[in-house]
Amino acid sequence: MPTNKYAFFRGEIRPIAEAKISVMTSAFNYGTAVFEGIRAFWNAEEKELFVFRMAEHYARFLRSCRILFIDLPYGVEDLCAITLELVRREGFREDVYIRPIAFKASEEIGVRLHNLDSDVTIFALPFKAYLPEGGIRATVSSWRRVEDNAIPARAKITGAYVNSALAKTEAYLAGFDEAIVLNEDGQVAEGSAENLFLVRDGVLITPPATANILEGITRDTVITLAKDLAIPVVERPVDRTELYVASEVFLTGTAAGLSPVVEIEGRKVGTGTPGPIFTCLHELYEGVVRGKEPKYRAWCTPVYSAPAS
Ligand code: PY5
């Protein structure tokens, strides 16, 4: 059972039991909501919880809102302040996952985006690993990624996650840990809830923003870290069979972190163990998110103490 006590709901931080919506809510009927996944990481030495790239997450949240005509009376700074207050009230001293959702709140029949009330809720709960650690086995899904002209993948739309859920459960039922989803062009888009990177000839490659992917913040973090480490990075379309010949493949996401893929459809990736570029980026990432790397400290917002000026 989750141990979180509060949610931001209808403009206030309230007991979680009061944060309830009606079955008639438009977003519940039609999937007309957008969400974020944000993490906060506990640093035991500093006894501090750091929210990772919170402003970037809320900027994407508001971009998703824009696509669905969801008007909120809050900007990025307001949402960050509400989130810090919520997490502070919970008093967490462990890794945390924060889930904001903006939704079409009107209770009426009628599928549309216009002339409906919007609302926003935020809750946070303790969080551990999303994918098995040490290396995952993946399969290429028979489901295709949602198209930009059907349901835009760059907006984190709740209804679009039916696509992710179909792919994930198909993979699970076939005995795999995760699905790799191709787009309608037959090229690699991403995992069910993660972006994808591969390594060929020492070059880090990831599908471009136009491949029907979510423009992931962990993806951006990995690209930044790789460039700073002088690892060449290329954003370009990726063929399915490149997955079979890559020396390394890994997935990135807020929930998943950096997760190595060691087997794809019965073929070992490289040697079948996490590769050197993954390992190097992963070690750095784990320090960065906990505020242990001064160079990237600006990405980490402390929850309990005021940020150093
Ligand atoms: N692609 C999809 C389809 C995603 O859902 C996610 C994040 C990503 C990529 C990675 O994006 P980011 O690095 O910005 O997190 N998925 C959510 C997450 O919190 C939902 C997981 C249940 O990781």
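Which domains give residues to the shell around the ligand? Domain 1 (6-126) and domain 2 (136-289) both do, so the ligand lies between them. These bounds come from an automatic or database domain assignment.

This is a predicted model: local features need pLDDT of at least 70, side-chain atom pairs count only at pLDDT 80 or more, and totals for chains, interfaces and linings use all residues. Residues are numbered from 1 along each chain as its sequence is written, and side-chain values use heavy atoms, without hydrogens or water.

**View 1. The shell around the ligand.** The ligand has 20 residues around it (a heavy atom within 4 Å). Y97, Y161, E190, T218 and T254 come nearest.

**View 2. Polar contacts of the ligand.** Each is a pair of N or O atoms within 3.5 Å. An oxygen atom of the ligand lies 2.5 Å from a side-chain N or O atom of T218. A ligand oxygen is also 2.7 Å from a polar backbone atom of I217. At K156, a side-chain N or O atom is 3.2 Å from a ligand nitrogen. Alone, the ligand exposes 520 Å², and the protein buries 94% of that (Shrake-Rupley method, 1.4 Å probe).

Technical notes:
Polar contact = N/O pair within 3.5 Å; in protein donor to acceptor, adjacent residues only side chain to side chain.
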